[in-house]
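This report describes the strand arrangement and the charged side-chain pairs of a single structure. The sheet is treated before the salt bridges.

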Amino acid sequence: MDPTAPLQLSVDRNSPVPLYFQLAQQLEAAIERGALTPGSLLGNEIELAARLGLSRPTVRQAIQSLVDKGLLVRRRGVGTQVVHSQVKRPLELSSLYDDLEAAGQRPATRVLVNTLVPASAEVAASLSVAEGSEVHRVERLRLAHGEPMAYLCNHLPLGLLELDGAQLEATGLYRLMRVAGITLHSARQSVGARAATAAEAERLDESAGAPLLTMQRTTFDDTGRAVEFGSHTYRASRYSFEFQLLVRP
């Protein structure tokens, strides 16, 4: 069955917008609102082209543009399949785990490292501890619907809270902090982007050189104490940050 058949797809040949782009926009909108659900297969390109009165190369170009954006994937022997829509995370003091859960993305966590390490100069400055003093280092792979979404590396001051591996895999770090009675108040954060190294690409199921979003954050509690320094990388094909900008009066 063609899941695009019930959709109201149409193109305007008098519009200056390319036909492939018009189709791609409508398919993307259908994915974002859930009309095309994750895992569903798109119908045959020939049938879709015939229904819309488009050429097959036009339809193929529309589909390829969504493959490039990470919304569709071509699977050999299966066809073109809808994948999970990109997570759009507001830039506020929240946990990725909580944001994924709120978006219905079924988050899961794989703990890669949970140990004590000497604080580097950067970590020491961020957490206001002596360089070389012991701090907790936690490395996690965050997944949604079984797909890797982000690699999270966090450093925390010694004695802040117990960091049990099973608990870290069951929930988010900020939730564990709140349960421990820590009140998160503010953070200093920077966001950037760069190409994935071979190791990062393998970890996040991307190709080497694929774009990654980066985020560094130092989080403070209500007493002004630094409680966490995080350095995270996110798949740009599955993830974005959203800003709200206000005009200064």
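In this predicted model, six strands form an open sheet in the order β4-β5-β6-β9-β8-β7, and their pairing is antiparallel. Its edges are β4 (107–118) and β7 (184–195), each of which pairs on one side only. On average, neighbouring strands of the sheet are turned by 15° against each other, direction ignored.

At one edge, β4 pairs with β5 (residues 134–144) in the antiparallel sense over eleven bridges. Within β5, Glu-134 is the bridge partner of Pro-118.

The structure holds five salt bridges, among them the three listed here.

| Salt bridge | Closest N and O atoms |
|---|---|
| Arg-137 with Glu-139 | 2.8 Å |
| Arg-235 with Glu-147 | 3.9 Å |
| Glu-200 with Arg-194 | 2.7 Å |

The pair of Arg-235 and Glu-147 links distant parts of the chain: Arg-235 lies in strand β9 (residues 226–235) and Glu-147 in strand β6 (residues 147–157), 88 residues apart. Both Arg-235 and Glu-147 are buried. Together with Glu-206, Glu-147 and Arg-235 are linked in a network of salt bridges.

The other two pairs in the table can be described by the accessibility of their partners. Arg-137 has a relative accessible area of 24% and is therefore partly exposed, whereas Glu-139, at 13% relative accessibility, counts as buried. Glu-200 also counts as buried, because its relative accessibility is 12%. Its partner Arg-194 is partly exposed, with a relative accessible area of 36%.

Note on methods. Residues are numbered from 1 along each chain as its sequence is written. This is a predicted model: local features need pLDDT of at least 70, side-chain atom pairs count only at pLDDT 80 or more; totals for chains, interfaces and linings use all residues. Side-chain values use heavy atoms; hydrogens and water are left out. Two strands pair if DSSP finds at least two bridges between them. Helices (H or I, at least four residues) and strands (E, at least two) are DSSP runs, numbered from the N terminus. Axes are lines fitted to C-alpha atoms, for helices over the stretch in contact, and angles run from 0 to 180 degrees between N-to-C directions. A salt bridge is a side-chain nitrogen of Lys or Arg within 4 Å of a carboxyl oxygen of Asp or Glu. Buried means under 20% relative accessible area, exposed over 50%, partly exposed in between (1.4 Å probe, protein chains only).
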